[in-house]
Amino acid sequence: MDLDISHLRMVCAMAETGSVTRAAARMGMSQPAMSNQLRRVEEIVGGALFTRSRSGLEPTPLGGQVISRARTILSEMDTLFGDLRGPRGPEGTLGLGCVHLACVGSIVARVGEALPGREVSLRIEPSSALLGDALARGHLDAALIGLMEGFDVPMAAPVVSRTLVPRYPIFVTLSERHPLAGRDEIDLFDLRDEAWIAPPGADDGSLSSLRASCRAAGFEPIVRYEAPSGAACPLVAAGHGVRMVDPSWPPHPGTVVRPLVGEPQVARLIVAWRRDRLDEEEAAALYRGLAAAYVEHTGSHPTFEAWWHAHPQVHPLL
């Protein structure tokens, strides 16, 4: 068997998701088929590409080399065929992706106002890694991407990016009947015995970030549940678990949202787009529209609204 582009994409998907199951779902393959393909690739390159850790798949030294070279090759391929498509006309549909933020309800209207004549098609995706992959493949024209501090999503030409919000804290949500619910802010260490709901975008660093923050606080988190953002709310309300949440979301009925002492979890937002699909003027208008949508929802939670007004240095640069 010879290596081809699909094998390179498969290896990169496993590195980015940290899971054979999630990588298989991204590639449209079954898990057994992907495992078999991985074994064949490892036979060709002469060694194991991944090891399993408590946080998921980790590249071996050989795997790191293969992944780095694969990304270079895939970037060149995507750039070649992306550039051949040429820019879309001003009357075309704008394929926009967004992580699961409170402002998704305003994005279509605000971006539509900023780019009159462009119909906005919106894909909401909890995984920033998947949004970055969709941009690279040309399945999206632009995206609003959230990243935990210390993590990144690989991007290469023709994809470019600009920071929207350089830094904001992640809050925790718990049942309104929880013994800590009455506190104005919660020390992460006081949640050491809780069952955690895994972040929905775990493949782009959020789960690793949760584990790292908890370990820094002196304990190993008990990650018991996996659920999409909305599906996790009833679990929290019933008192079965706690989870990290974007601070701009208002509390779900039966829950409270509280800041964490010392801001152990911090994220940022970036706007990324394909420059073969949007010119500089359109990209600037897109940025203004997304900024307006985000700022519109900073008052959804009183504590975050107070934090936002106290930190003007993180506001979007218009």
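How many bridges join β3 to strand β4, and do the two run parallel or antiparallel? In this predicted model, six bridges link β3 to β4 (residues 119–124), and the two strands run parallel. Within that pairing, Leu94 sits opposite Val120 of β4. To get from β3 to β4, the chain passes through helix α5 (residues 104–114), and the resulting β-α-β crossover is right-handed.

Strand β3 also pairs with β5 (residues 142–148), again in parallel, this time through three bridges. Here Leu96 has Ala142 of β5 as its bridge partner. As for its surroundings, β3 spans residues 93–98, and five of its six residues are buried, so the strand is largely enclosed by the rest of the structure.

Turning to the helices, α1 (residues 5–17) packs against α3 (residues 31–45) with the axes 11 Å apart and at an angle of about 110 degrees. That angle makes α1 roughly perpendicular to α3. On the α1 side, the residues that meet α3 are His7, Met10, Val11 and Met14, while α3 brings in Met34, Gln37, Leu38 and Val41.

A word on confidence: the mean pLDDT of the protein is 86, and 92% of its residues reach 70 or more. Residues 82–90 are another matter, with pLDDT below 50, though in the model this stretch still has 21 contacts beyond near neighbours in sequence.

How values were computed
Residues numbered from 1 in each chain as written. Predicted model: local features only at pLDDT ≥ 70, side-chain atom pairs only at ≥ 80, totals over all residues. Heavy atoms only, no water. pLDDT = per-residue confidence, 0-100. Contact = heavy atoms within 4.5 Å. Buried < 20%, exposed > 50% of the residue type's maximum accessible area, 1.4 Å probe, protein only. Helix = DSSP H or I, 4+ residues; strand = E, 2+ residues; numbered from the N terminus. Pairing = 2+ DSSP bridges. Right-handed = clockwise from strand over helix to strand, strands pointing away. Axes fitted to C-alpha atoms, helices over the stretch in contact; angles between N-to-C directions. Parallel < 35°, antiparallel > 145°, perpendicular 65-115°, else oblique.
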